[in-house]
Amino acid sequence: MIRPLTIAHTSDVHLIDGDEGENVRVAFTRVVDAVIEHDADLFLIAGDLFDHNRIHGVVIDFVYAQLARVTCPTVIISGNHDNSEDDAVLARMNFGKAGRHVTLIDDAEGRVLEFPELHATVWGRCMENHHPAHRPMAGAPPRTRDLWHIGMAHGFYVDNWGADRSSLITPAEIADSGFDYLALGHVHCHRRMLHGETLACYAGAPVSYGRDETGCMAIAELNPGAPARVVEYAIGTRGELAAVSRTVDKIAAVG
Ligand SMILES: [Mn+2]
């Protein structure tokens, strides 16, 4: 009997260095808090964890420390902001420093990870080049066994052709994948699409563009014999995150 699964899913965190990145780091801390509070079985980071590839030590160490708070299997793919160019931030990192539970899928052709204790497999692909010929869902494997069949992809969902955009993901690709849950990244607003039996979801960025808009992530529930469900989980408005980060700075300054 396959077991129920709780999946915590984020993407497009866009971590940056310096003071202006403080609210983003607060937001990522809240994402990790949510993984722990929901007792998630699996934590998926579907691309653009970092805003750019020149991120240096302090933020890298921050990410190791945050991911080390999580005990469940954690899977990371790259996006167009932290893609697999030479000297890219993800390529320079050693996620073993965060713990053995963290896996970066850095294969351009994609890779399937198997988690026997979760009765689940996770397929993902790193992004090498964000251009119109890149198809994030290319090579998605069919379900082969009676396990949760989960996918990760970073790209732009279109439900009509003629879109002259890079890294396209289509309804047919989603339906054909047969994934029980497809964790998407790239679009910053929370959005869900059901095609065939597959529930695909953009988690939404933890930090929204607008100061008063709420950033978010996704918490998905898979139960045997039932449709997958996902909820949008609020992380906070940009203003709230900035206020918290100022408080943290003040305490740090006093201490
Ligand atoms: Mn992106």
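Colleague: With 255 residues in the protein chain, what radius of gyration would a compact globule have, and what value does the chain have?

Modeller: This is a predicted model, and for 255 residues a compact globule would have a radius of gyration near 18 Å, while the protein chain has 17 Å, which agrees. Along its principal axes, the C-alpha trace spans about 55 × 40 × 35 Å.

Colleague: What share of the residues is buried, and what share of the contacts with a separation of 6 or more comes from residues 24 or more positions apart?

Modeller: Buried residues make up 45% of the 255 residues in the protein chain. Of the contacts with a separation of 6 or more, 68% come from residues that are 24 or more positions apart.

Colleague: How many helices and strands should I look for, and how do I read an open sheet among them?

Modeller: The protein chain has five helices and 14 strands. Six strands form an open sheet with mixed pairing, and their order is β5-β6-β7-β10-β12-β11. At the edges are β5 (111–115) and β11 (191–195), each of which pairs on one side only, and from one strand to the next the twist averages 20 degrees. Within the sheet's order, β10 (residues 181–185) and β12 (residues 198–202) pair in the parallel sense over four bridges, and Leu 184 has Tyr 202 in β12 as its bridge partner.

Colleague: Which way do the side chains of strand β3 point?

Modeller: In a regular strand the side chains alternate between the two faces of the sheet. In strand β3 (residues 74–77), Thr 74 and Ile 76 point one way and Val 75 and Ile 77 the other way, and all are buried.

Colleague: Which strands does β3 pair with?

Modeller: Strand β2 (residues 42–46) runs parallel to β3 and is joined to it by four bridges, with Ile 45 having Ile 76 as its bridge partner. Strand β4 (residues 102–104) also pairs with β3 in the parallel sense, over three bridges, and there Ile 76 stands opposite Leu 104. Together with helix α2 (residues 57–67), β2 and β3 make a right-handed β-α-β unit.

Colleague: Which residues of the largest nonpolar core touch the most other members?

Modeller: That core has 71 residues, and those touching the most other members include Leu 44, Tyr 181, Leu 184, Cys 201 and Ala 220. Helix α1 (residues 22–37) gives the largest share of this core, eight residues. Leaving aside residues up to four places away in sequence, Ala 220 touches Ile 7, His 9, Tyr 181, Cys 201, Ala 228, Arg 229 and Val 230.

Terms used
Residues numbered from 1 in each chain as written. Predicted model: local features only at pLDDT ≥ 70, side-chain atom pairs only at ≥ 80, totals over all residues. Core = buried A, V, L, I, M, F, W, Y, C linked by C-beta atoms within 7 Å. Buried ≥ 20, exposed ≤ 12 C-beta atoms within 10 Å, placed from the backbone. Helix = DSSP H or I, 4+ residues; strand = E, 2+ residues; numbered from the N terminus. Contact = placed C-beta atoms within 7 Å. Rg over C-alpha atoms; globule rule 2.2 N^0.38 Å. Pairing = 2+ DSSP bridges. Axes fitted to C-alpha atoms, helices over the stretch in contact; angles between N-to-C directions. Right-handed = clockwise from strand over helix to strand, strands pointing away.
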